[in-house]
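Biologist: Hello! Could you walk me through the reasoning behind a few of the labels you use here?

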Amino acid sequence: MNDYAGQHEVISENMTSQITVELARYVQELKQERKSHFHDGRKAQQHIETCWKQLESSKKRFERDCKEADRAQQYFEKMDADINVTKADVEKARQQAQIRHQMAEDSKADYSSILQKFNHEQHEYYYTHIPNIFQKIQEMEERRIERIGESMKTYAEVDRQVIPIIGKCLDGIVKAAESIDQKNDSQLVIEAYKSGFEPPGDIEFEDYTQPMKRTVSDNSLSNSRGEGKSELKFGGKSKGKLWPFIKKNKSPKQQKEPLSHRFNEFMTSKPKIHCFRSLKRGGATPEDFSNLPPEQRRKKLQQKVDELNKEIQKEMDQRDAITKMKDVYLKNPQMGDPASLDHKLIEVGQNVEKLRLEAQKFEAWLAEVEGRLPARSEQARRQSGMYDVQNPPSVNSCAQDRESPDGSYTEEQSQESEVKVLATDFDDEFDDEEPLPAIGTCKALYTFEGQNEGTISVAEGETLFVIEEDKGDGWTRIRRNEDEEGYVPTSYVEVYLDKNAKGAKTYI
């Protein structure tokens, strides 16, 4: 697929360099040429209009002079016929008539000359200038069409060059599709995500006809109602829930459903926010990955051990290099002071020792998961950074769970005590879980639409309670009331933490 896409990129690049760029430049040249032709056409049109105006002006002047000459001639004849008029007046009228006739003749000659000139210009305009301009525009359009044809040929050549390679890519795609092994792919997914849990064992028969005290089976999904009441609570809060993701039963008086219905409810119910989000966000993940199923935990621990071993080898190589450099300085003091490298050797040695202790800790957890160690020691628990103190059970309650109805998610319990919870009363036990205390308040700076699971919508200016501060991933956990809580982006709120709250800190 990458090769197939690459060939189309080759086509695109060649079209850009060989066709698009050249066509863009050629179009600009055509625009300039077309603009020049239109300018010549407007210039010729303005010239013929000027000649027409001159002809009209000459014609009107000739007409006016002829009328003036006729009136002067009539006035002279009238004066010449009148016996009462003196001879001087008659001579004056005669001279005036001659002047007017001469002016009419001059206007006639001028009009005739301008008319001939206009006829010549008009003939040139319609038979020479305009046809030449249209011919040039036509030739320009023909060149443009020819250039488009050449570009289409160039594109065809570019595409034809990569067709064999595209054919090979398509053959490779078909071959890859035919080589798909759905069974093997499914097995790879299973190996990557399998939990390693064992299904729950059979429920033991409890004989109620015997008056003896009965004990509850460790692999049983449910316990007797009468015996489990005293063990339902542990320190005021449940710590060994069997089903972490089943919905709460809000009505305590509701009749209990059969166990088969509980299986269906487990498969379709949504997880509690603080259980599932604690696994996703990474901020509350324990150091020993005890929140993960055994197989996933083993892979994570093995990966961590490998990373630590690489770091140890890197530090040891650095120590060897510094040691060699120190030997060189001892042999050649002029190259440097050997004592200046002592603090670096000490620092590298401390780093190696620290990494080795860290690797031993993770190797012990790995051995525990793989069954080489019987159980996790109290010392190992302390080395994990006092996880039980830093992460209360209410935050990682799903990581402390023992077993779900279908055995799909369990985790080992504390070896100090194993609390047996009544299966018939697990809804009441889940309702008894205390909410996280508020560590401050916050004011929404912007409106946030919480569309993803685990988030909550807030309106601008709304004030809410903060129950978990930002762990460095950009999310703050807030609560509106007892039933509405979730995460919002830290940049969307202004946090006011209580001074007496432990670890009061904000990333705003």
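**How the labels are earned**

Modeller: Gladly! Let me begin with β2 and β3, two antiparallel strands joined by 3 bridges. Please keep in mind that this is a predicted model.

Biologist: What makes β2 and β3 count as a pair?

Modeller: Pairing takes at least two bridges, and β2 and β3 have 3. They therefore qualify as paired strands. Val466, for instance, stands opposite Ile478 in β3. The two strands form a hairpin with 6 residues between them, and Gly472 in the turn has a positive phi of about 105°.

Biologist: How do you know that β3 (residues 475-479) also pairs with β4?

Modeller: By the same kind of count: at least two bridges are needed, and 5 join β3 to β4, again in the antiparallel sense. Arg479 stands opposite Glu485 in β4, while Arg477 has Tyr487 as its bridge partner. Here, too, there is a hairpin, with 5 residues between β3 and β4.

Biologist: And where do these strands sit in the sheet as a whole?

Modeller: The open sheet has 5 strands, in the order β4-β3-β2-β1-β5, with antiparallel pairing. β4 (485-489) and β5 (493-497) each have a single partner strand, so they stand at the edges and one side of each lacks a neighbour in the sheet. From one strand to the next, the twist averages 40°. Further along the order, β1 (residues 440-444) pairs with β2 (residues 463-468) over 4 bridges, and Lys443 stands opposite Thr463 in β2.

Biologist: Why is β3 called largely enclosed?

Modeller: A residue is buried when its relative accessible area is under 20%. In β3, 4 of the 5 residues are buried, so the strand is largely enclosed by the rest of the structure.

Biologist: How many residues of β4 are buried, and which way do they point?

Modeller: In β4, 5 of its 5 residues are buried. Glu485, Tyr487 and Pro489 point one way, Gly486 and Val488 the other.

Biologist: Let's turn to the helices. Why are α1 and α2 called roughly antiparallel?

Modeller: Two packed helices are described by the angle between their axes and the distance between the axes. For α1 (residues 2-81) and α2 (residues 87-178), the angle is about 170° and the axes are 7 Å apart. Angles over 145 degrees count as roughly antiparallel, so α1 earns that label relative to α2.

Biologist: Which classes of residue make up their contact?

Modeller: The contact of α1 with α2 has 42 nonpolar, 18 polar and 22 charged residues.

Terms used: Residues numbered from 1 in each chain as written. Predicted model: local features only at pLDDT ≥ 70, side-chain atom pairs only at ≥ 80, totals over all residues. Heavy atoms only, no water. Axes fitted to C-alpha atoms, helices over the stretch in contact; angles between N-to-C directions. Parallel < 35°, antiparallel > 145°, perpendicular 65-115°, else oblique. Nonpolar A, V, L, I, M, F, W, Y, C, P; charged D, E, K, R; others polar. Buried < 20%, exposed > 50% of the residue type's maximum accessible area, 1.4 Å probe, protein only.
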